[in-house]
Amino acid sequence: MSGLAYARAASLESATEVIGSHRAAEVIAGGTDLLQRLEEHVLPPPLVVDINGVEGLRAIEVDDHEIRLGALVRLNQVIESAPVRDAFPAIVEALIVTASPQVRNLATVGGNPLQKTRCLYFRDQSTPCNKREPGSGCGALEGRNRINAILGGSEHCIATHPSDFAVAMAALDATVLVVGARGERRLPFTELHRLPGDTPHLEHNLAPDEVIEGYRLTRTPLARHSHYLKVRDRGEFEWAICSAAVALELDHGGRIADARVAVGGVATKPWRLGQVETALQGRQATAEAFAEAAALSVQNAVAHGDNAYKLALLPRTIARALTELRERL
Amino acid sequence: MENASTGAEGGAVQARSTMRVTLEVNGREHALDVQARTTLLDALRDRLHLNGTKKGCALGQCGACTVLMDGERVNACLVLAVMAQGRHITTIEGLRGGDGLLHPLQRAFLDHDGFQCGYCTPGQIMSGVGCIEEGHAGSRAEIRQYMSGNICRCGAYVNIVEAIFETAVGTRP
């Protein structure tokens, strides 16, 4: 329990310098996931660098072309933003079903996509987990894996990425703004996370000295016609067992001109389904077309026992999300 | 790592494992020495002896430790004490009505029997105050949704919702 050190960074530059030179140091923003790990002794960092004093990261900036979210914007702040609700409804819908109001007042958009998995084996130190302790094995593969992934897994890890927000961001082609020791760079949101492969402990593509400064979201008709559907074991304050962020743009004849589909609760990272998007294009927006396209979502899926029900649940979730979206277009 | 100093652009970043913090709780300032690891919840209960805020799960799941930070409800177990510096903290002990006695929501919890064992009650009331302030107490269904961060294992939910709904109606402009 002891041994945690705390430092306050006045700028992102000083934060990047500290996390770049202390490999085990972590940035703390909202702290909602990090404090759970401290409490449960799951990868507790020896040093946290608090970036809450950094200026300029708390704003939601809106213009005609795009919306920019600073890393320290709180989840509830996004939910209450009329411009985000109007231009990117899937993002607001994903956040309303995230955690609890108390957690959402603390948690930040910068930290949310970097939260750790809820896999039972990652959170339980008495069990093997390649993500928590590389080389120790995966308890979930042959164990209690009802909540685990059917997409993007490997023989070393089938932990799902738990964020709802990240699924919506992946669907809506968000850009991540990153700051590091060598300056700033941008990367597509879909390239932020890594597949587990044989290094499941490496979860994202940020360098050790890099920190998320914020995001850019381009306003498009497609993004404005977006929707998020979350399926979970209870109606509130629960992780997704399956979710879908979808967007549709119809032409004047009612045909699908463009589509976006990303899913959560079933995959090791926020998961774009390009083959489903392609299959939707050019079709009339009918329940039949939605079901046929959604069926492709499990083409490469692998079930592991307890989570086999997701092979049926995932296509249905996508089709239902598309149907709900079409009804309000 | 104890009190190590790291040179960084824009000034040295001081890393400390113990530090002096000043917490403003219920309008009063308190200076105390804490570990970096100390949560706001533990500082309130163990150091300031404000035991109204309850410790349930310590993982942000039960809501028993809900307090207001700058007027917004948060889980005190998910906040490091050092990070609560400069914020206005309100606990159940700091809640007052216009008459200087009970807050209207406290009165409504009594009127509606919004508790049984009482352990979750301070967190329920602080969360309910936040819920009403946010404007998310417009209907019983909305209250149920926006009070999802507070668990009552006695199951007094129906009466809790009634107490919040009645108070929200009474305080609506």
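Buried here means under 20% relative accessible area. The model shown in these views is predicted.

**Figure 1. Helix α11 of chain A and its buried face.** Helix α11 of chain A covers residues 287–295. Its buried residues are A289(A), F290(A), A293(A) and A294(A). These residues sit on the same side of α11(A), because they cover an arc of only 125 degrees around the axis. An α-helix has 3.6 residues a turn, so residues three or four places apart point the same way. Several elements of chain A help to cover the buried residues of α11(A). Among them are the strands β10 (242–250) and β11 (256–264). The cover also includes the helices α10 (274–280) and α12 (310–327).

**Figure 2. The largest nonpolar core.** This core has 104 residues. Six residues have the most contacts inside the core. From chain A they are F88(A), I91(A), F189(A) and Y215(A). From chain B they are L40(B) and I164(B). Helix α8 of chain A, residues 165–171, gives the most to this core, with 7 residues. Apart from this core lies another, of 32 residues. Its members include A244(A), A285(A), A319(A) and A321(A).

**Figure 3. The surroundings of I91(A).** I91(A) is one of the residues with the most contacts inside the largest nonpolar core. Residues up to four places away in sequence are not counted in this view. I91(A) touches V78(A) and V84(A). I91(A) also touches F165(A), A168(A), M169(A) and L172(A). L217(A) is another of its partners.

**Figure 4. A170(A) in helix α8.** A170(A) lies in helix α8 of chain A. Is A170(A) buried or exposed? A170(A) counts as buried, because its relative accessible area is 1%, below the 20% limit. Neighbours within four places in sequence are left aside here. A170(A) is then in contact with F189(A), T190(A), A262(A), P270(A) and R272(A). F189(A) is also among the residues with the most contacts inside the largest nonpolar core. A170(A) and A289(A), a buried residue of α11(A), are 119 residues apart in sequence. Their C-alpha atoms are 23 Å apart in space.

**Figure 5. The loop residue F237(A).** F237(A) lies in the loop between β9 (226–231) and β10 of chain A. Its phi is positive, at about 50 degrees, although F237(A) is not a glycine. Most residues other than glycine have a negative phi. F237(A) counts as buried, because its relative accessibility is 13%.

**Figure 6. The loop residue N26(B).** N26(B) lies in the loop between β3 (18–25) and β4 (28–35) of chain B. Phi of N26(B) is near 55 degrees, a positive value in a residue other than glycine. How exposed is N26(B), and what is its relative accessible area? N26(B) is partly exposed, at 27%.

**Figure 7. Helix α1 of chain B.** Helix α1 of chain B covers residues 40–47. Its buried residues are L40(B), L41(B), D42(B), A43(B) and L44(B). L40(B) is also among the residues with the most contacts inside the largest nonpolar core. The cover of the buried residues of α1(B) includes strands β3, β5 (66–69) and β7 (88–90) of chain B. Just after α1(B) comes H49(B), with a positive phi of about 55 degrees.

**Figure 8. Chain A as the setting.** The secondary structure of chain A comes to 12 helices and 12 strands. Its domain assignment gives domain 1 (5–53) and domain 2 (225–327). The centres of these two domains are 36 Å apart, taken over C-alpha atoms. The C-alpha trace of chain A spans about 60 × 50 × 35 Å along its principal axes. The radius of gyration of chain A is 19 Å, which agrees with the value near 20 Å for a compact globule of 329 residues. Buried residues make up 57% of chain A. Among contacts in chain A between residues at least 6 apart in sequence, 64% join residues at least 24 apart. Chain A exposes about 12700 Å², and carbon and sulfur atoms supply 49% of this area.

**Figure 9. Chain B as the setting.** The secondary structure of chain B comes to 5 helices and 7 strands. From the N terminus on, the elements run β-β-β-β-α-β-β-β-α-α-α-α. The C-alpha atoms of chain B fill a box of roughly 55 × 30 × 30 Å along the principal axes. Of the 173 residues in chain B, 52% are buried. The accessible surface of chain B comes to about 7700 Å², of which 49% belongs to carbon and sulfur atoms.

Terms used:
Residues are numbered from 1 along each chain as its sequence is written. Chains are lettered from A and ligands numbered from 1 in the order in which they are written. This is a predicted model: local features need pLDDT of at least 70, side-chain atom pairs count only at pLDDT 80 or more; totals for chains, interfaces and linings use all residues. Side-chain values use heavy atoms; hydrogens and water are left out. Domain bounds come from an automatic or database domain assignment. A nonpolar core is a set of buried Ala, Val, Leu, Ile, Met, Phe, Trp, Tyr and Cys residues joined through side-chain atoms within 4.5 Å. Buried means under 20% relative accessible area, exposed over 50%, partly exposed in between (1.4 Å probe, protein chains only). Helices (H or I, at least four residues) and strands (E, at least two) are DSSP runs, numbered from the N terminus. Contact means heavy atoms within 4.5 Å. The arc is that of the directions from the helix axis to the C-beta atoms. The radius of gyration is taken over C-alpha atoms; the globule rule is 2.2 Å times the number of residues to the power 0.38. Accessible areas come from the Shrake-Rupley method with a 1.4 Å probe; for residues, only the protein chains shown count as cover.
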